[in-house]
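Q: Hello! I am new to reading protein structures, and I would like to learn how to do it step by step. Could we look at one together?

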Amino acid sequence: QLQFVESGGGLVQPGGSLRLSCEASGFGSNYYAIGWFRQAPGKEREGVSCISSSGGTTKYADSVKGRFTISRANAKNTVYLQMNSLKPEDTAVYYCAATFKIVPTMCVLDPAEYPYWGQGTQVTVSS
């Protein structure tokens with residue numbers, strides 16, 4: 001059974017940092033791309049960042065470039081999202097998702113390409 005365990009969300013002041021973790025189980029291999037997505041109340045789900053199965057390709061939404069960093073530790077079946085210089089507009093539920101449909105050197109920020117999703121973790125940026 002494919003499962004994700006997301007952790008690391010919480011309440012942080014503007015300018016602060018959080019590191020989200022997404023631990024996968026039941027996949028049988030590491031040949032999947034991982035994406036991080038977020039959804040704020042009343043808004044559509046949007047792509048934040050993704051990383052290829054090889055780890056060699058990463059992408060970021062323009063709104064988080066220079067502030068967020070995605071990485072993966074395949075030995076731990078875990079993908080991380082380091083979030084720095086957080087802003088109130090980063091407040092959302094953050095989800096990780098996986099897809100086997102993309103070649104190992106690619107990833108995409110389109111949530112429609114990801115069939116496997118975690119339960120989400122709340123990130124609130126507020127003073």
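A: Gladly! Let us start with one pair of residues in neighbouring strands: R38 has Y94 in β9 as its bridge partner. Keep in mind that this is a predicted model.

Q: How do I read the pairing of whole strands, and how many bridges join β4 to β9?

A: Look for the bridges between two strands and for the direction in which the strands run. Strand β4, residues 33–39, is joined to β9 by 7 bridges, and the two run antiparallel. The pair R38 and Y94 belongs to this picture, with Y94 on the β9 side.

Q: Which residue stands opposite Y94 in β11?

A: That is T121. The strands β9 and β11 (residues 121–125) pair in the antiparallel sense, over 3 bridges. There is also β10, which is antiparallel to β9 and joined to it by 2 bridges. Here A98 has Y116 in β10 as its bridge partner.

Q: Is β9 mostly covered or mostly open, and how many of its residues are buried?

A: For this you count buried residues along the strand. In β9, 7 of the 8 residues are buried, so the strand is mostly covered.

Q: What does Y94 touch, once its close neighbours in sequence are set aside?

A: A contact list shows what surrounds a residue in space. Leaving out residues within four places in sequence, Y94 is in contact with a list that includes E6, L20, W36, V48, F68, L81, M83 and V123. R38 and T121, which we met as partners of Y94, are also among these contacts.

Q: Where do nonpolar side chains go, and how many residues has the largest nonpolar core?

A: The general idea is that in soluble globular proteins, nonpolar side chains tend to be buried together. In this model the largest nonpolar core has 28 residues. Those with the most contacts inside it are F4, W36, F68, L81, M83 and Y94. Two or more residues come from each of β3, β4, β5, β7 (68–73), β8 (78–83), β9 and β11. Apart from this core lies another, of 6 residues, including A33, F37, A97 and Y114.

Q: How many disulfides does a search of the whole structure find?

A: A disulfide is read from the two cysteines it joins and from where they sit in the chain. The search finds 2 of them. One joins C22 to C96, with the sulfur atoms 2.1 Å apart. This pair links distant parts of the chain, since C22 is in strand β3 and C96 in strand β9, 74 residues apart. The link is right-handed, with 70 degrees about the S-S bond. C22 is buried because its relative accessibility is 1%, under the 20% cut-off, and C96 is buried too, at 0%.

Q: Which cysteines form the other disulfide, C50 and its partner?

A: C50 is joined to C107, again with an S to S distance of 2.1 Å. C50 lies in strand β5 (residues 46–51), while C107 is in the loop between β9 and β10 (116–117), 57 residues away along the chain. The torsion about this S-S bond is about 65 degrees, so the disulfide is right-handed. C50 is buried, with a relative accessible area of 0%, and C107 also has 0% and is buried. Counting the bonded cysteines along the chain, the pattern is 1-3, 2-4.

Q: Why does T99 count as buried?

A: Burial is judged from relative accessibility. T99 has 0%, so T99 counts as buried. This residue is in strand β9, which covers residues 92–99.

Q: Which backbone nitrogen does the side chain of T99 reach?

A: To find this, look for polar atoms lying close enough for a contact. The side chain of T99 reaches the backbone nitrogen of K101 at 3.0 Å. A polar atom of the T99 side chain also lies 3.0 Å from the backbone oxygen of E113. Beyond four places in sequence, T99 is in contact with Y32, A33, E113, Y114 and P115.

Q: And is G15 buried or exposed?

A: G15 counts as exposed because its relative accessibility is 53%, over the 50% cut-off. Its place is in the loop between β2 (10–12) and β3 (18–25). Not counting residues up to four places away in sequence, G15 touches S85 and L86.

Terms used. Residues numbered from 1 in each chain as written. Predicted model: local features only at pLDDT ≥ 70, side-chain atom pairs only at ≥ 80, totals over all residues. Heavy atoms only, no water. Helix = DSSP H or I, 4+ residues; strand = E, 2+ residues; numbered from the N terminus. Buried < 20%, exposed > 50% of the residue type's maximum accessible area, 1.4 Å probe, protein only. Polar contact = N/O pair within 3.5 Å; in protein donor to acceptor, adjacent residues only side chain to side chain. Contact = heavy atoms within 4.5 Å. Disulfide = S-S within 2.5 Å. Pairing = 2+ DSSP bridges. Core = buried A, V, L, I, M, F, W, Y, C linked by side-chain atoms within 4.5 Å.
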